[in-house]
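Here is a walk through some side-chain contacts and backbone oddities that you can follow with the viewer open. Pick a spot, zoom in and read along.

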Amino acid sequence: MHTHSFFEVCYAYQGQGLFHFGGTNYTVRAGDVFIAKPGVAHEIISSTEDPLGIYFWSYTLCEQEEKGDGPISKIDALLRAYLTSPSVVSDHTPSMLRTLELLTEEGIHREPGYVQVVQGLVVKLLLDTARAIVDPGMLGGSPIPPAYSPEEIVTQTIKRYLSDNYARAITMRDLASQVHLSERHTARLFRKVTGDSIMHYLTQMRLMKASQLLRDRQATLSIKEIAQSCGYPDVRYFTTLFHQRTGLTPALFRQQGGVSGAALLTHTLVPGH
């Protein structure tokens, strides 16, 4: 099981398997499209008798500020409904395979104008995915309210950046530049939405990642390597911090299977989400 900070879309072109998403198991087979939404744990398990073959692609959807007081466009309404739709699997994909095959052909041959063709096909793929997932009743005849407030959109952008870059040094200047705000405003807005500071949220994220690696019996990483992969080049500092937050040293946490420390990390992460 793993999570992403972006949408991951899969199209099954052959075989069958299971898609575990958000605590629910879905059977998927050739012709199905299935979507892993940001921040939700999921995994794909292929059938051994009839192996699953998939195309997969990923993207982030960012809502832009609206201009004027007129009704939102039909495309915006569709994508907003897509963001909030409870459905994650659909077989309503009449032209998706051909679109994917055309994209592949354009990428292989790269004839004049292929970039423009690819751009058009990518837009079609995005819209076809939304059409497959969204219940037409969700669109109705009236505008659909925004899924997030401007403050929440900024906060989600910050969280995505932290999730994608926690392994390296991150400064407030880096974060502020991502959302085009001052460092002070960025910090204040994040705390307003989450009730947590950015640095505390980042620390909890790094320690959670470290605890996952420490619990992995198949991993062969040393504690120093785990510390470095989670953004702590100084293993002594990492060990001290980990002990302060969990009550266990990384070595003891690994030895005991991480039960008590993992529970503490999970509990302290909740307010930041």
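## Rings packed out of sight

Let's start with Phe-242, which counts as buried because its relative accessibility is 0%, below the 20% cut-off. Keep in mind as you look around that this is a predicted model.

Phe-253 is buried too, with a relative accessible area of 0%. What sort of aromatic pair do Phe-242 and Phe-253 form? The pair is edge-to-face, with 5.1 Å from centre to centre and 90 degrees between the planes. Phe-242 belongs to helix H9 (residues 235-246) and Phe-253 to helix H10 (residues 250-255), so this contact links distant parts of the chain, with the two rings 11 residues apart.

Zoom out a little and you'll find that the structure holds 11 aromatic pairs. Another one of them brings together Tyr-232 and Tyr-237. Their ring centres are 5.9 Å apart and the planes meet at 50 degrees, so this pair is tilted. The two tyrosines sit in unlike surroundings: Tyr-232 counts as buried at 5% relative accessibility, whereas Tyr-237 counts as partly exposed at 47%.

Which residues do the ring pairs link into a cluster? The members are Tyr-232, Tyr-237, Phe-238, Phe-242 and Phe-253. Tyr-232 has a charged partner as well: Arg-206 lies over the face of its ring, at 5.4 Å from the ring centre.

## Salt bridges on the helices

Now for the charged side chains. How many salt bridges does the structure hold? The count is four, and here are three of them, with the N to O separation for each.

| Salt bridge | Closest N and O atoms |
|---|---|
| Arg-98 and Glu-101 | 3.5 Å |
| Arg-98 and Glu-105 | 3.4 Å |
| Lys-124 and Asp-128 | 2.9 Å |

Take the Lys-124 and Asp-128 bridge to begin with. Both residues lie in helix H3, four residues apart, which is about one turn of the helix. Lys-124 is partly exposed, with a relative accessible area of 33%. Asp-128, on the other hand, is buried, at 9%.

Then there are the bridges that share partners: they join Arg-98, Glu-101 and Glu-105 into one network. Arg-98 takes part in a bridge with Glu-101 and in another with Glu-105. Why are Arg-98 and Glu-101 separated by about one helical turn? They are three residues apart in helix H2, so about one turn lies between them.

Are the members of this network buried or partly exposed? Arg-98 is partly exposed, with a relative accessible area of 43%. Glu-101 is partly exposed as well, at 30%, and so is Glu-105, at 36%.

## Two backbone oddities in loops

Next, the backbone. Most residues other than glycine have a negative phi. With that in mind, have a look at Arg-110, which has a positive phi of about 50 degrees although it is not a glycine. Where is Arg-110? Its place is in the loop between helix H2 (96-109) and helix H3 (114-133). Arg-110 is exposed because its relative accessible area of 55% is over the 50% cut-off.

His-180 is the other residue to check. This one has a positive phi of about 60 degrees, and it isn't a glycine either. You'll find His-180 in the loop between helix H5 (172-179) and helix H6 (183-194). His-180 is exposed, with a relative accessible area of 71%.

## A word on the cysteines

If you work with cysteines at the bench, you may wonder how many disulfides there are. The count comes to zero, with a disulfide taken as a pair of cysteine sulfur atoms within 2.5 Å. Cys-10 counts as buried, at 3% relative accessibility. Cys-230 is buried as well, with a relative accessible area of 1%.

How values were computed
Residues numbered from 1 in each chain as written. Predicted model: local features only at pLDDT ≥ 70, side-chain atom pairs only at ≥ 80, totals over all residues. Heavy atoms only, no water. Buried < 20%, exposed > 50% of the residue type's maximum accessible area, 1.4 Å probe, protein only. Phe/Tyr/Trp six-rings, centres within 6.5 Å; stacked < 30°, edge-to-face > 60°. Lys NZ or Arg CZ within 6 Å of the ring centre and 35° of its normal.
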